[in-house]
Amino acid sequence: MNTLTGKHILLGVAGGIAAYKSAELVRQLRAQGARVRVVMTAGAQEFITPLTLQALSGNPVHSELLDRDAEAAMGHIELARWADALLVAPATADFIARLQQGRADDLLTAVALACDAPVAVAPAMNRAMWENPATQANITALKARSIHVFGPAPGKQACGEVGPGRLLEPEQLVTALTGLFETGALSGYRVLVTAGPTREAIDPVRYISNHSSGRMGYAVARAASEAGAEVVLVSGPVSLDTPERVTRIDVISADDMQHAVQERVADCDIFIAVAAVADYRPGQVAANKLKKSADQMTLVLARNPDILAGVAALPDAPFTVGFAAETDAIEDNARAKRVAKSVDMIAANRVGKGAGFDTPDNALQVYWQGGEQVLPLTDKAKLARQLVALIAQRFHDKHNKVIRFNAKDSA
Ligand code: C5P
């Protein structure tokens, strides 16, 4: 497993001679474990056939914006939502100009406009076209909109000239694309994450638990690791693979989880509690399997420790992030929970009726003191990256304030 494993890469191919390199790029992306879909402009299809890219990507190639069948299968909005990143390689001068203008007059520009995942262009064109002030102004404007620009490389060009304008090689593009996910926003910091449900034993064979799949917590752990953090994941019982470079500690009950967290919390800068910890456990665990006899039975439950509140109350508490799974009055309940538990940030989501728990998608409303942000419905991996980016921002903000305060204090 590496950073691109399982990532949805939408590759846009515009009409330039370098389009022949897209075939090798698709092959290399898939070799990294990425899932690839290709959108071609009309011009691109003059240089390389859709069939080639379909065979290599393992998916039908998309090219029509105003085609009923194509839109019904996977329209421009679905493609944009599907993408974890959009890379246009090669990006011609004309495509760059249209992207800069925010046009949506073909499928690729429409997808780019609708895409809220990171977007990158890899320019490829004649040297003079690249150096032209019009293209340079477009590139400056794209960068100002946080669109990434990979290359171009200098060298001998297809037109016979020598200079900047060559498409980067496929392996360089793969490295650059990997860098979009490995943001470095948490480099050098340690993150402790809890995930999954807990199981509270009733007797040796029965327990109380909940529907948490652990997917959101695992996605958060992976996103934090990709952002450069050293990540420890304390996990309840789930059937998920441990993300790359993440240290996983398996626990069963809330009590186990609390101990595992207590042992490591002093070494962490950020604590993210995603686990759906059981609020109560049976007051007594029967030593032997309970036998059925009476028509009714009563279980006396005891309150479990609140792990998150416990961490937030530590004198030297890390930056704390909690989750709030709510069925109603999401904002009010989440805000109240953030204050009651004294946590820096709370991410709330709706649960019940197919939402939140045990589903591939989720949406979050995130609250912190003096701020809030909505992260709209998308798959949990993408959502986790957006949440980790937000956590990194707030964490650095708080950190800098503390440093400034201490500097003032000692002055
Ligand atoms: O109070 P509530 O259970 O809704 O709070 C949810 C948040 O608190 C989650 O971040 C969850 O991981 C954390 N929590 C905890 N220990 C508990 C209960 C909840 O860390 N016993």
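**Exercise 1. Find which residue stands opposite leucine 86 in β4, then work outwards to the whole sheet.**

Step 1. Leucine 86 faces valine 119 of β4. Before going on, note that this is a predicted model, where local features need pLDDT of at least 70, side-chain atom pairs count only at pLDDT 80 or more, and totals for chains, interfaces and linings use all residues. Residues are numbered from 1 along each chain as its sequence is written, and side-chain values use heavy atoms, leaving out hydrogens and water.

Step 2. Strand β3 (residues 85-91) and strand β4 (residues 119-123) run parallel and are joined by four bridges. Strands here are DSSP runs (E, at least two residues), while helices are runs of H or I with at least four, numbered from the N terminus. Two strands pair if DSSP finds at least two bridges between them.

Step 3. Now widen the view: five strands make an open sheet with parallel pairing, ordered β2-β1-β3-β4-β5. β2 (35-40) and β5 (148-149) are at the edges with a single partner strand each, so one side of each has no neighbour in the sheet.

**Exercise 2. Describe how the protein holds polar contacts with the ligand at alanine 273 and lysine 341.**

Step 1. A polar contact is a pair of N or O atoms within 3.5 Å; within protein, one must be able to donate a hydrogen and the other to accept it, and residues adjacent in sequence count only if both atoms are side-chain atoms.

Step 2. A ligand oxygen lies 2.6 Å from a polar backbone atom of alanine 273. Another entry in your list is a ligand oxygen 2.9 Å from a side-chain N or O atom of lysine 341.
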